[in-house]
Amino acid sequence: MISLVNSPAYAQHQTGSHPENQNRLDAIMDYLQKEGELENIDLIQPIPAQEEDLLRVHSPEHLNHLKVFTENGGGYLDFDTYASPQSYEIGKLAAGGAINAAELVFNQYDFSYSLARPPGHHATHDKAMGFCLINNLAVALKYMQEKYGLGKFLIVDFDAHYGNGTAEIFYHDPQVLYISIHQDPHTIFPGKGFVEETGAGEGEGFNLNIPVPPGSGTSDYIYLLERILEPVCRKFKADFYFLDVGFDGHMEDPLSRLQLDDDFYPWIACYMQKLTSKMVLILEGGYSLDAMARSNLKMLKVLKDKSTHEEEWRPPELLVRDENKNTLKNIQETFSPFFTF
(Lines give C-alpha, C1' and ligand atoms only; values in the text may rest on other atoms or scores of the structure.)
Protein backbone atom coordinates (compact mmCIF):
# COMPACT_ATOMS: atom_id res chain seq x y z
CA MET A 1 0.00 0.00 0.00
CA ILE A 2 1.21 3.49 -0.84
CA SER A 3 0.05 6.94 0.26
CA LEU A 4 0.87 10.45 -0.89
CA VAL A 5 0.85 13.31 1.64
CA ASN A 6 0.16 16.61 -0.13
CA SER A 7 -1.84 19.81 0.27
CA PRO A 8 -2.82 22.68 -2.03
CA ALA A 9 -1.90 24.94 0.91
CA TYR A 10 1.78 24.52 0.01
CA ALA A 11 1.12 27.14 -2.69
CA GLN A 12 0.93 29.73 0.11
CA HIS A 13 4.73 29.53 0.35
CA GLN A 14 4.91 32.09 -2.43
CA THR A 15 8.31 32.48 -4.05
CA GLY A 16 7.41 34.01 -7.43
CA SER A 17 9.94 33.23 -10.16
CA HIS A 18 12.37 31.59 -7.72
CA PRO A 19 13.43 28.09 -8.95
CA GLU A 20 11.74 26.56 -5.90
CA ASN A 21 8.08 27.43 -6.55
CA GLN A 22 4.65 25.81 -6.53
CA ASN A 23 4.93 24.83 -10.19
CA ARG A 24 7.12 21.95 -9.02
CA LEU A 25 4.37 20.26 -7.02
CA ASP A 26 1.71 21.16 -9.57
CA ALA A 27 3.71 19.53 -12.35
CA ILE A 28 4.03 16.29 -10.38
CA MET A 29 0.39 16.16 -9.30
CA ASP A 30 -0.94 17.14 -12.74
CA TYR A 31 1.14 14.44 -14.43
CA LEU A 32 0.00 11.78 -11.97
CA GLN A 33 -3.59 12.87 -12.61
CA LYS A 34 -3.12 12.84 -16.38
CA GLU A 35 -1.64 9.34 -16.32
CA GLY A 36 -4.42 8.02 -14.05
CA GLU A 37 -2.05 7.15 -11.20
CA LEU A 38 -3.79 9.17 -8.49
CA GLU A 39 -6.67 6.71 -8.63
CA ASN A 40 -4.37 4.04 -7.24
CA ILE A 41 -2.70 6.10 -4.50
CA ASP A 42 -4.25 7.17 -1.20
CA LEU A 43 -4.08 10.96 -0.88
CA ILE A 44 -3.58 12.23 2.68
CA GLN A 45 -3.83 15.82 3.88
CA PRO A 46 -0.92 16.84 6.14
CA ILE A 47 -1.34 18.17 9.68
CA PRO A 48 1.05 20.97 10.77
CA ALA A 49 3.90 20.06 13.07
CA GLN A 50 3.72 21.46 16.58
CA GLU A 51 6.33 23.82 18.02
CA GLU A 52 7.59 21.02 20.28
CA ASP A 53 8.20 18.88 17.20
CA LEU A 54 10.31 21.62 15.60
CA LEU A 55 12.22 22.29 18.81
CA ARG A 56 13.57 18.74 18.86
CA VAL A 57 15.59 19.76 15.80
CA HIS A 58 15.84 23.56 15.65
CA SER A 59 16.91 26.24 18.08
CA PRO A 60 14.25 28.57 19.56
CA GLU A 61 16.20 31.50 18.08
CA HIS A 62 15.95 30.07 14.57
CA LEU A 63 12.23 29.43 14.80
CA ASN A 64 11.54 32.82 16.35
CA HIS A 65 13.54 34.54 13.62
CA LEU A 66 11.56 32.73 10.92
CA LYS A 67 8.27 33.58 12.58
CA VAL A 68 9.02 37.27 13.07
CA PHE A 69 10.63 37.60 9.62
CA THR A 70 7.58 36.19 7.86
CA GLU A 71 5.11 38.11 10.02
CA ASN A 72 6.91 41.28 8.93
CA GLY A 73 6.39 40.48 5.26
CA GLY A 74 9.23 38.06 4.49
CA GLY A 75 11.84 38.42 1.74
CA TYR A 76 15.25 36.86 1.17
CA LEU A 77 16.72 35.20 4.27
CA ASP A 78 20.02 34.84 2.41
CA PHE A 79 21.16 35.13 -1.20
CA ASP A 80 18.91 32.29 -2.42
CA THR A 81 16.41 31.37 0.31
CA TYR A 82 13.07 33.17 0.15
CA ALA A 83 10.21 33.34 2.66
CA SER A 84 6.80 34.92 2.11
CA PRO A 85 4.34 36.06 4.81
CA GLN A 86 2.81 32.56 5.10
CA SER A 87 6.05 30.62 4.81
CA TYR A 88 6.58 29.87 8.50
CA GLU A 89 3.13 28.31 8.85
CA ILE A 90 3.56 26.42 5.58
CA GLY A 91 6.98 25.29 6.74
CA LYS A 92 5.27 23.78 9.78
CA LEU A 93 2.81 22.09 7.43
CA ALA A 94 5.65 20.62 5.33
CA ALA A 95 7.35 19.30 8.48
CA GLY A 96 4.00 17.92 9.61
CA GLY A 97 3.62 16.20 6.25
CA ALA A 98 6.89 14.37 6.87
CA ILE A 99 5.68 13.33 10.32
CA ASN A 100 2.37 12.16 8.84
CA ALA A 101 4.19 10.10 6.18
CA ALA A 102 6.38 8.48 8.84
CA GLU A 103 3.41 7.58 11.01
CA LEU A 104 1.54 6.17 8.01
CA VAL A 105 4.45 3.84 7.29
CA PHE A 106 4.84 2.87 10.94
CA ASN A 107 1.14 2.08 11.37
CA GLN A 108 -0.25 0.96 8.03
CA TYR A 109 1.41 1.66 4.69
CA ASP A 110 4.41 0.10 2.98
CA PHE A 111 5.40 3.45 1.48
CA SER A 112 4.34 7.01 2.11
CA TYR A 113 5.62 10.02 0.18
CA SER A 114 5.59 13.54 1.60
CA LEU A 115 5.26 15.72 -1.48
CA ALA A 116 5.77 19.06 0.22
CA ARG A 117 7.47 22.41 -0.01
CA PRO A 118 9.49 24.22 1.15
CA PRO A 119 12.11 21.45 1.08
CA GLY A 120 14.26 20.80 4.12
CA HIS A 121 17.60 19.01 3.91
CA HIS A 122 19.80 22.15 3.89
CA ALA A 123 18.15 23.65 7.00
CA THR A 124 20.50 23.29 9.97
CA HIS A 125 19.79 23.41 13.70
CA ASP A 126 19.90 27.19 13.70
CA LYS A 127 19.78 28.40 10.10
CA ALA A 128 17.63 28.43 6.97
CA MET A 129 19.55 27.97 3.73
CA GLY A 130 19.47 26.42 0.28
CA PHE A 131 15.73 27.10 -0.27
CA CYS A 132 15.02 25.28 3.04
CA LEU A 133 13.44 26.75 6.19
CA ILE A 134 12.75 23.74 8.44
CA ASN A 135 14.39 20.34 8.16
CA ASN A 136 11.32 18.23 7.42
CA LEU A 137 13.02 14.84 7.48
CA ALA A 138 14.90 15.55 10.70
CA VAL A 139 11.70 16.71 12.41
CA ALA A 140 9.96 13.48 11.38
CA LEU A 141 12.87 11.30 12.48
CA LYS A 142 13.15 12.94 15.89
CA TYR A 143 9.36 12.64 16.30
CA MET A 144 9.50 8.90 15.60
CA GLN A 145 12.38 8.53 18.06
CA GLU A 146 10.44 10.37 20.75
CA LYS A 147 6.99 8.89 20.23
CA TYR A 148 7.77 5.30 19.32
CA GLY A 149 11.22 4.78 20.79
CA LEU A 150 12.65 3.49 17.53
CA GLY A 151 16.35 2.77 17.64
CA LYS A 152 18.17 2.94 14.32
CA PHE A 153 17.29 5.09 11.31
CA LEU A 154 18.78 4.99 7.83
CA ILE A 155 18.57 7.89 5.35
CA VAL A 156 19.50 7.59 1.68
CA ASP A 157 19.66 11.02 0.02
CA PHE A 158 20.09 11.26 -3.75
CA ASP A 159 19.44 14.95 -4.23
CA ALA A 160 22.14 16.53 -6.42
CA HIS A 161 23.21 18.63 -3.43
CA TYR A 162 24.59 17.28 -0.17
CA GLY A 163 21.99 17.57 2.60
CA ASN A 164 24.30 19.45 4.92
CA GLY A 165 21.54 20.33 7.38
CA THR A 166 20.42 16.73 7.88
CA ALA A 167 24.02 15.58 8.10
CA GLU A 168 24.94 18.20 10.72
CA ILE A 169 21.88 17.53 12.87
CA PHE A 170 22.79 13.83 13.15
CA TYR A 171 26.58 14.15 12.78
CA HIS A 172 27.27 12.88 16.31
CA ASP A 173 24.44 10.32 16.41
CA PRO A 174 25.39 6.64 15.93
CA GLN A 175 21.70 5.72 15.69
CA VAL A 176 21.27 7.59 12.39
CA LEU A 177 23.16 6.46 9.30
CA TYR A 178 23.08 9.17 6.62
CA ILE A 179 24.17 8.15 3.12
CA SER A 180 24.29 10.86 0.45
CA ILE A 181 25.27 10.62 -3.22
CA HIS A 182 25.67 14.05 -4.77
CA GLN A 183 27.67 16.23 -7.14
CA ASP A 184 31.24 16.95 -6.05
CA PRO A 185 31.06 19.74 -3.44
CA HIS A 186 33.99 21.50 -5.14
CA THR A 187 31.58 22.29 -7.97
CA ILE A 188 28.19 22.92 -6.33
CA PHE A 189 26.36 24.26 -3.26
CA PRO A 190 26.81 23.82 -0.30
CA GLY A 191 30.54 23.13 -0.64
CA LYS A 192 30.38 20.27 1.85
CA GLY A 193 29.87 16.53 1.60
CA PHE A 194 33.35 15.11 1.02
CA VAL A 195 34.25 11.48 1.71
CA GLU A 196 36.31 12.54 4.72
CA GLU A 197 33.23 13.97 6.48
CA THR A 198 32.40 10.73 8.24
CA GLY A 199 30.65 11.91 11.42
CA ALA A 200 32.16 12.84 14.77
CA GLY A 201 32.37 11.49 18.30
CA GLU A 202 30.03 8.53 18.74
CA GLY A 203 28.66 9.30 15.28
CA GLU A 204 31.96 8.70 13.50
CA GLY A 205 31.41 6.32 10.61
CA PHE A 206 27.71 7.05 10.27
CA ASN A 207 27.89 9.89 7.73
CA LEU A 208 28.75 8.34 4.37
CA ASN A 209 29.24 10.67 1.43
CA ILE A 210 29.51 9.61 -2.21
CA PRO A 211 30.58 12.70 -4.18
CA VAL A 212 30.57 12.32 -7.97
CA PRO A 213 32.05 14.69 -10.58
CA PRO A 214 29.92 16.73 -12.98
CA GLY A 215 28.90 14.63 -15.96
CA SER A 216 28.27 11.50 -13.87
CA GLY A 217 25.16 9.64 -14.93
CA THR A 218 22.98 6.63 -14.22
CA SER A 219 25.76 4.08 -14.83
CA ASP A 220 28.03 5.84 -12.31
CA TYR A 221 25.29 6.01 -9.69
CA ILE A 222 24.34 2.35 -10.09
CA TYR A 223 27.98 1.24 -10.00
CA LEU A 224 28.56 3.05 -6.71
CA LEU A 225 25.25 2.36 -4.99
CA GLU A 226 25.24 -1.37 -5.84
CA ARG A 227 28.59 -1.73 -4.12
CA ILE A 228 27.83 0.40 -1.08
CA LEU A 229 24.16 0.32 -0.11
CA GLU A 230 23.48 -3.35 0.48
CA PRO A 231 26.51 -4.27 2.63
CA VAL A 232 26.24 -1.07 4.67
CA CYS A 233 22.49 -1.35 5.20
CA ARG A 234 22.68 -5.05 6.07
CA LYS A 235 25.29 -4.43 8.73
CA PHE A 236 23.60 -1.34 10.19
CA LYS A 237 20.18 -3.07 10.49
CA ALA A 238 18.00 0.02 10.68
CA ASP A 239 14.54 -0.05 12.24
CA PHE A 240 13.22 2.68 9.93
CA TYR A 241 14.14 3.95 6.47
CA PHE A 242 13.91 7.37 4.83
CA LEU A 243 14.54 8.05 1.13
CA ASP A 244 15.39 11.70 0.55
CA VAL A 245 14.21 12.26 -3.02
CA GLY A 246 15.82 14.82 -5.31
CA PHE A 247 15.24 15.07 -9.06
CA ASP A 248 17.85 17.78 -9.61
CA GLY A 249 20.49 15.26 -10.67
CA HIS A 250 18.53 14.72 -13.88
CA MET A 251 20.32 15.63 -17.11
CA GLU A 252 17.58 18.19 -17.91
CA ASP A 253 17.80 19.97 -14.56
CA PRO A 254 19.26 23.49 -14.63
CA LEU A 255 20.78 23.47 -11.12
CA SER A 256 23.28 20.64 -11.41
CA ARG A 257 25.70 19.23 -13.95
CA LEU A 258 24.80 15.59 -13.45
CA GLN A 259 23.46 13.33 -16.20
CA LEU A 260 20.91 11.00 -14.60
CA ASP A 261 18.13 9.84 -16.91
CA ASP A 262 14.50 8.97 -16.16
CA ASP A 263 15.37 5.34 -15.43
CA PHE A 264 17.57 6.03 -12.42
CA TYR A 265 14.54 6.86 -10.26
CA PRO A 266 12.63 3.59 -10.73
CA TRP A 267 15.98 1.77 -10.38
CA ILE A 268 16.68 3.25 -6.95
CA ALA A 269 13.09 2.57 -5.86
CA CYS A 270 13.45 -1.08 -6.92
CA TYR A 271 16.85 -1.43 -5.30
CA MET A 272 15.75 0.05 -1.99
CA GLN A 273 12.88 -2.43 -1.84
CA LYS A 274 15.47 -5.21 -1.77
CA LEU A 275 16.74 -3.66 1.46
CA THR A 276 13.47 -2.72 3.15
CA SER A 277 9.79 -3.43 2.60
CA LYS A 278 8.70 -0.17 4.25
CA MET A 279 10.02 3.31 3.52
CA VAL A 280 9.20 7.02 3.88
CA LEU A 281 9.97 9.28 0.92
CA ILE A 282 10.59 13.01 1.40
CA LEU A 283 10.73 15.38 -1.60
CA GLU A 284 13.71 17.71 -1.79
CA GLY A 285 14.97 19.26 -5.07
CA GLY A 286 14.11 19.05 -8.74
CA TYR A 287 13.70 22.07 -11.03
CA SER A 288 13.03 20.73 -14.53
CA LEU A 289 9.27 20.34 -14.38
CA ASP A 290 8.97 17.83 -17.21
CA ALA A 291 11.88 15.66 -16.08
CA MET A 292 10.69 15.68 -12.48
CA ALA A 293 7.11 14.73 -13.42
CA ARG A 294 8.20 11.86 -15.67
CA SER A 295 10.81 10.47 -13.29
CA ASN A 296 8.51 10.78 -10.30
CA LEU A 297 5.79 8.80 -12.08
CA LYS A 298 8.21 5.98 -12.91
CA MET A 299 9.42 5.86 -9.32
CA LEU A 300 5.91 5.75 -7.89
CA LYS A 301 4.79 3.01 -10.29
CA VAL A 302 7.63 0.81 -9.09
CA LEU A 303 6.66 1.39 -5.46
CA LYS A 304 2.97 0.84 -6.15
CA ASP A 305 3.72 -2.45 -7.90
CA LYS A 306 6.27 -3.40 -5.19
CA SER A 307 8.72 -4.26 -7.94
CA THR A 308 12.23 -5.37 -7.06
CA HIS A 309 13.30 -6.03 -10.66
CA GLU A 310 15.87 -3.28 -10.85
CA GLU A 311 17.49 -4.97 -13.86
CA GLU A 312 14.61 -3.61 -15.97
CA TRP A 313 15.99 -0.10 -15.41
CA ARG A 314 19.68 -0.95 -15.40
CA PRO A 315 21.71 -0.06 -18.52
CA PRO A 316 22.88 -3.17 -20.44
CA GLU A 317 26.47 -2.07 -19.78
CA LEU A 318 27.66 0.23 -17.02
CA LEU A 319 29.90 2.92 -18.45
CA VAL A 320 31.65 4.24 -15.36
CA ARG A 321 34.03 7.19 -15.10
CA ASP A 322 37.47 6.43 -13.68
CA GLU A 323 37.00 9.18 -11.09
CA ASN A 324 34.06 7.29 -9.62
CA LYS A 325 36.00 4.03 -9.48
CA ASN A 326 38.66 5.91 -7.53
CA THR A 327 36.02 7.43 -5.26
CA LEU A 328 34.77 3.94 -4.41
CA LYS A 329 38.31 2.91 -3.41
CA ASN A 330 38.61 6.03 -1.26
CA ILE A 331 35.28 5.28 0.46
CA GLN A 332 36.29 1.65 1.04
CA GLU A 333 39.54 2.74 2.68
CA THR A 334 37.98 5.57 4.69
CA PHE A 335 35.16 3.41 6.06
CA SER A 336 37.16 0.21 6.56
CA PRO A 337 37.00 0.61 10.36
CA PHE A 338 33.19 0.71 10.19
CA PHE A 339 31.91 -1.21 7.14
CA THR A 340 33.23 -3.71 4.60
CA PHE A 341 32.05 -3.47 1.02
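These legends go with a handful of close-up views of a predicted model. Local features need pLDDT of at least 70 and side-chain atom pairs count only at pLDDT 80 or more, while totals for chains, interfaces and linings use all residues. Numbering starts from 1 along each chain as its sequence is written, and side-chain values use heavy atoms, with hydrogens and water left out.

**View 1. Trp 267 and Tyr 271, a stacked pair in α8.** Rings of Phe, Tyr and Trp (its six-membered ring) pair if their centres lie within 6.5 Å; planes under 30 degrees apart are stacked, over 60 edge-to-face, and the rest tilted. By this rule there are 17 aromatic pairs. Take Trp 267 and Tyr 271: their ring centres are 5.0 Å apart and the planes sit at 20°, so this pair is stacked. Both residues belong to helix α8 (residues 264-275), four residues apart, or about one turn of the helix. (Helices are DSSP runs of H or I, at least four residues, and strands are runs of E, at least two, numbered from the N terminus.) Trp 267 and Tyr 271 are both buried, meaning under 20% relative accessible area, where exposed is over 50% and partly exposed is in between (1.4 Å probe, protein chains only).

**View 2. Phe 335 meets Phe 338 edge-to-face.** Here the centres are 6.2 Å apart, with 65° between the planes. Phe 335 is buried at 0% relative accessible area, whereas Phe 338 is partly exposed at 23%.

**View 3. An aromatic cluster.** Trp 267 and Tyr 271 turn up again here, joined in one cluster by Phe 158, Tyr 221, Phe 247, Phe 264 and Tyr 265.

**View 4. Lys 152 over the face of Phe 236.** The distance to the ring centre is 4.9 Å. A charge counts as over a ring if NZ of Lys or CZ of Arg is within 6 Å of the ring centre and within 35 degrees of the ring normal.

**View 5. α8 packs on α9.** Helix α9 covers residues 289-305, and its axis lies 7 Å from that of α8, at an angle of about 25°. Axes are lines fitted to C-alpha atoms over the stretch in contact, with angles from 0 to 180 degrees between N-to-C directions. That makes the two helices roughly parallel (under 35 degrees; over 145 is roughly antiparallel, 65 to 115 roughly perpendicular, the rest oblique). Among the residues that meet (contact: heavy atoms within 4.5 Å) are Tyr 265 and Cys 270 in α8, and Met 299 and Val 302 in α9.
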